[in-house]
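Got your viewer open and a selection tool ready? Let's walk through this protein one stop at a time.

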Amino acid sequence: MASLLKKPIKLALVQLATGPDKSANLSRARSRVLEAAQRGASLIVLPECFNSPYGCQYFPKYAETLLPSPPTEEKSPSFHALSHLAKEANIYLLGGSIPEFETSSKKYFNTSLMFNPSGELIATHRKVHLFDIDIPGKITFKESEILSPGNKVTLVDLPDYGKIAIAICYDIRFPELAMIAARKQCFLLLYPGAFNLTTGALHWSLQARARAMDNQLYVGLCSPARDMEASYNAWGHSLVVDPNAAVMTEAGEQEEIVYADLDGDKIEETRKGIPLRGQRRFDVYPDVSEGKVKFEE
């Protein structure tokens, strides 16, 4: 079987500190992305809501209009900042996520944008599963009060390397997305995410390792830096997990960039040692990737 990852790639996760000033957030993101590129990263990831504070009260204020694409710079300064940055640094750039407002439907979304080294938009992912939870005495949060969900699985072909999958935060709790990506020959799952101090302590690392273990591929989770003065306290601890579910690198709580060198040989070695792919019993249960999977909105 041909390697899922055609050649090694250095991945960087930028655990960015963000605040209420969008222009300052974009400037800070640019500085840290250029730093990561100078250190050899070819694929760089920003966190969920990297251009704004995270919270239902902030989504409408910070939302940008992305359609029709490409938007004007006035309608989406973040789109143009990411596009210019990917081209300047000559990298693949996953712009975490930004709040999006769609004028035709009057709906808000939590949306990831991915650009290639030419600065071209190559993928858009709207968060499919909205973060609606109520843990008594800990945290209640309902994204659905403001946001609408996306309606597709997002796979992206990086021609020099192979295919990756993009999802956002709460999407990681639904293993079907990861299973589909693995069956469709992805080598990496990327989740910009902003778990909090309750859910982060419980499940952040566990979810990353579980998705890697089940599917025997690389997983990257990119969080905002923790800010205890903000209304929502992100967990931090951005991390990369290898196909054998070992944590390769993990950030602390503050702003930091973590790096990992991904190699296709590790995927093949893991799958040869524990050959799950040839042992699945699709005569007993269905292959979720062969069902009615939506790859377009």
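Here is a tour of the cores, two hairpins, a helix, and some empty spaces.

**Before you click**

This is a predicted model, where local features need pLDDT of at least 70 and side-chain atom pairs count only at pLDDT 80 or more, while totals for chains, interfaces and linings use all residues. Residues are numbered from 1 along each chain as its sequence is written, and side-chain values use heavy atoms, with hydrogens and water left out.

**Stop 1: the cores**

Select Leu11, Leu43, Met114, Phe187, Leu188 and Leu262. These have the most contacts inside the largest nonpolar core, which has 27 residues. A nonpolar core is a set of buried Ala, Val, Leu, Ile, Met, Phe, Trp, Tyr and Cys residues joined through side-chain atoms within 4.5 Å. Buried means under 20% relative accessible area, exposed is over 50%, and partly exposed is in between (1.4 Å probe, protein chains only). In soluble globular proteins, nonpolar side chains tend to be buried together.

Now colour the strands that feed this core: β1 (9-15), β2 (43-45), β3 (92-94), β9 (154-158), β10 (162-166), β11 (186-192), β12 (218-222) and β15 (256-262) each give two or more residues. Strands (E, at least two residues) and helices (H or I, at least four) are DSSP runs, numbered from the N terminus.

Which residues is Leu262 in contact with, leaving aside neighbours within four places in sequence? Leu5, Pro8, Ile9, Leu11, Phe187, Leu188, Tyr218, Val240 and Met248. Contact here means heavy atoms within 4.5 Å.

Another core, of 26 residues, lies apart from the largest one; try selecting Phe79, Leu93, Ile98 and Tyr259, which are among its members.

**Stop 2: an enclosed strand**

Ile98 takes you to β4, residues 98-102. Five of the five residues of this strand are buried, so β4 is largely enclosed by the rest of the structure. Turn the strand over: Ile98, Glu100 and Glu102 sit on one side, Pro99 and Phe101 on the other, and both faces are covered.

Next, add β5 (residues 107-115). β4 and β5 run antiparallel and are joined by five bridges; two strands pair if DSSP finds at least two bridges between them. One pair to pick out is Glu102 with its bridge partner Lys107. Four residues lie between the two strands of this hairpin, and Lys106 in the turn has a positive phi of about 60°.

**Stop 3: a strand with two kinds of face**

Move on to β8 (residues 139-142). Here the side chains alternate: Ile139 and Phe141 point to one face and are buried, while Thr140 and Lys142 point to the other and are not. The partner strand is β7 (residues 132-135), antiparallel to β8 and joined to it by four bridges. Find Asp132 and you'll see it opposite Lys142. This hairpin has three residues between its strands, with Gly137 in the turn at a positive phi of about 80°.

**Stop 4: helix α4 and the cavities**

Select α4 (175-183). Its buried residues include Leu177, Ala178, Ile180, Ala181 and Ala182, and what covers them includes β9, β10, β11 and α5. Just after the helix, Gln185 takes a positive phi of about 75°.

How many cavities of 30 Å³ or more does the structure hold? Three. On a 1 Å grid over the protein atoms alone, a cavity is a set of points where a 1.4 Å probe fits but cannot get out, a pocket is an open set with protein on both sides within 12 Å along at least five of seven lines, and lining residues have an atom within 4 Å of a point. Grid points are joined across faces, edges and corners, and a volume is the space filled by probe spheres set on the points.

- The largest cavity is about 80 Å³. β10, α4 and β11 each give two or more residues to its lining, which includes His125, Leu177 and Tyr191.
- The second largest cavity is about 40 Å³. α4 gives the most to its lining, with three residues; Arg183, Asp214 and Arg280 are among the lining residues.

**Stop 5: Thr199 and the largest pocket**

Click Thr199 in helix α5. Is Thr199 buried or exposed? Thr199 is buried, with a relative accessible area of 5%.

Finish at the largest pocket, which holds about 310 Å³ of space. Of its 20 lining residues, Thr18, Pro53, Asp227, Ala230 and Tyr232 lie nearest its centre.
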